[in-house]
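Notebook open, fresh page. I want to look up a few things here and jot down what turns up.

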Amino acid sequence: MRSPAYVRVLLCLLLLLAAASAHAAQFQPPLPAQLTAAPSAAASAQPAIQESTPAPVQPAQLTPAQPRLAPPDPNEFRITGLGGGSAQWSIVVLLTLLTIIPSILICMTPFARLLIVFHFLRQALGLQATPSNQTLIGLSVIMTFFLMQPVGVAIYNDSVMPLQQGKITALDAVTRAGVPMRGFMSHYVREKDAALFLEIAKEPRPANINDLSFRVLLPAYILSELKAGFQIGAVLFLPFLVVDMVVASITTSVGMMQLPPVVISTPLKLLLFLMVDGWHLLIGALMRSFY
């Protein structure tokens, strides 16, 4: 007996559904063992917790760990006496010193006298740009360092070292540093210049020039250095001025009106300066004037 067609269709659908369910069950991932075992473990442990309650444990007294301090650096520069010796105040003081170093170099050292003399020498030789300004400034700085080295050593020993060791404050260090500088400037200041600024400042005349205040000593010293530099420059001009006059008179007498005298006098002045070893004589005279 043949079954109807719709019965065959229903059988095919049932077979397809059975095959699909079997295929899905085959590829379904199993649950982890920990998740399946957790409820049973929790259920078994709960009665035990309810039956016996352990005694409370006293928490241990924990002491905070003390930070390990690094050993102090012997080369560290720290300003004490300003803001508890903090690094911020040290930076402020050092930056302030860096900004006033050019003024200190000009007003409290022989730098001004040396630079004026070197510029006068260049003008006397008739050279406009040789040596250059950078060369003359560098030479003046080196000569200033040579002259001020004993003063710098005294300032370092009396002021900087005690400050780094924390024995004195920054203000005491500044006061101590002023003593060697006062001795150096007082040795080269003129009494006439000191009296001028004493009169302007209306300060009483001290018994000794070493007792002058820095308000009077600084302008008097720079004025004395300017005068000394111009005096040395005027003396340097005299031999070269003679050469210029001789060359100008000779060129005029022979009728060489079209030839500038500078063209002939400049090589002659350079030869004269080199023949007498002018740099050696000039630097030696300048250095001996401070000793």
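These entries go through the salt bridges, then one helix and its surroundings.

**Entry: the model**
A reminder to myself before anything else: this is a predicted model.

**Entry: salt bridges**
How many salt bridges does a search of the whole structure find? I get four, and I looked up three of them, starting with R113 and E225.

The side chains of R113 and E225 meet at 2.8 Å, N to O. R113 sits in helix α4, which covers residues 111–125, while E225 belongs to helix α8, residues 214–253. That is a link between distant parts of the chain, 112 residues apart. Are the partners buried or exposed? R113 has 7% relative accessibility, so I note it as buried. E225 is buried too, at 0%.

Next I checked E203 with R215, a salt bridge with 3.9 Å from N to O. E203 is in the loop between α7 (191–201) and α8, and R215 is in helix α8, so this pair ties together parts twelve residues apart in sequence. Here I find E203 partly exposed, with a relative accessible area of 26%. R215 is exposed, at 58%.

Then I went to D244 and K269, whose closest N and O atoms are 3.3 Å apart in their salt bridge. D244 lies in helix α8 and K269 in helix α9 (residues 261–275), so parts 25 residues apart in sequence are tied together. D244 counts as partly exposed at 26% relative accessibility. K269, on the other hand, is buried at 3%.

**Entry: a look at E191**
I find E191 in helix α7. This residue is exposed, with 60% relative accessibility. I also looked up how E191 sits relative to I209: they are 18 residues apart along the chain, and their C-alpha atoms are separated by 7.9 Å.

**Entry: helix α9**
K269 made me curious about its helix, so I stayed there. Does the span of α9 agree or disagree with what its residue count suggests? Its 15 residues should span 21 Å at 1.5 Å a residue, and the end C-alpha atoms are 21 Å apart, so the two agree.

Which residues of α9 are buried? I wrote down S265, T266, K269 and F273. They cover an arc of only 105° around the axis, which means they are on the same side of the helix. Turned away from that buried side is a face carrying the exposed residues L271, L274 and M275.

I wanted to know what covers the buried residues, and the list includes α4, α8 and α10 (278–288). T266 gave me a close-up. This residue of helix α9 is buried, with a relative accessible area of 13%. Leaving out residues up to four places away in sequence, T266 touches L125, G126 and L127.

Just after α9 I noted D277, which takes a positive phi of about 55°.

**Entry: a nonpolar patch**
Last lookup: nonpolar residues on the surface. L268, L271, L272, M275, V276 and L281 form a patch there, with about 580 Å² of accessible area together. Which element gives the most to this patch? It is α9, with four residues. L271 is found in that helix, and L271 is also on the face of α9 turned away from the buried side.

Methods:
Residues numbered from 1 in each chain as written. Predicted model: local features only at pLDDT ≥ 70, side-chain atom pairs only at ≥ 80, totals over all residues. Heavy atoms only, no water. Helix = DSSP H or I, 4+ residues; strand = E, 2+ residues; numbered from the N terminus. Buried < 20%, exposed > 50% of the residue type's maximum accessible area, 1.4 Å probe, protein only. Patch = residues over 30% accessible without salt bridge, like charges linked within 9 Å, V, L, I, M, F, W, Y side chains within 5 Å. Areas by Shrake-Rupley, 256 points an atom, 1.4 Å probe, with all protein chains shown as cover. Contact = heavy atoms within 4.5 Å. Expected span 1.5 Å × (residues − 1). Arc of directions from axis to C-beta.
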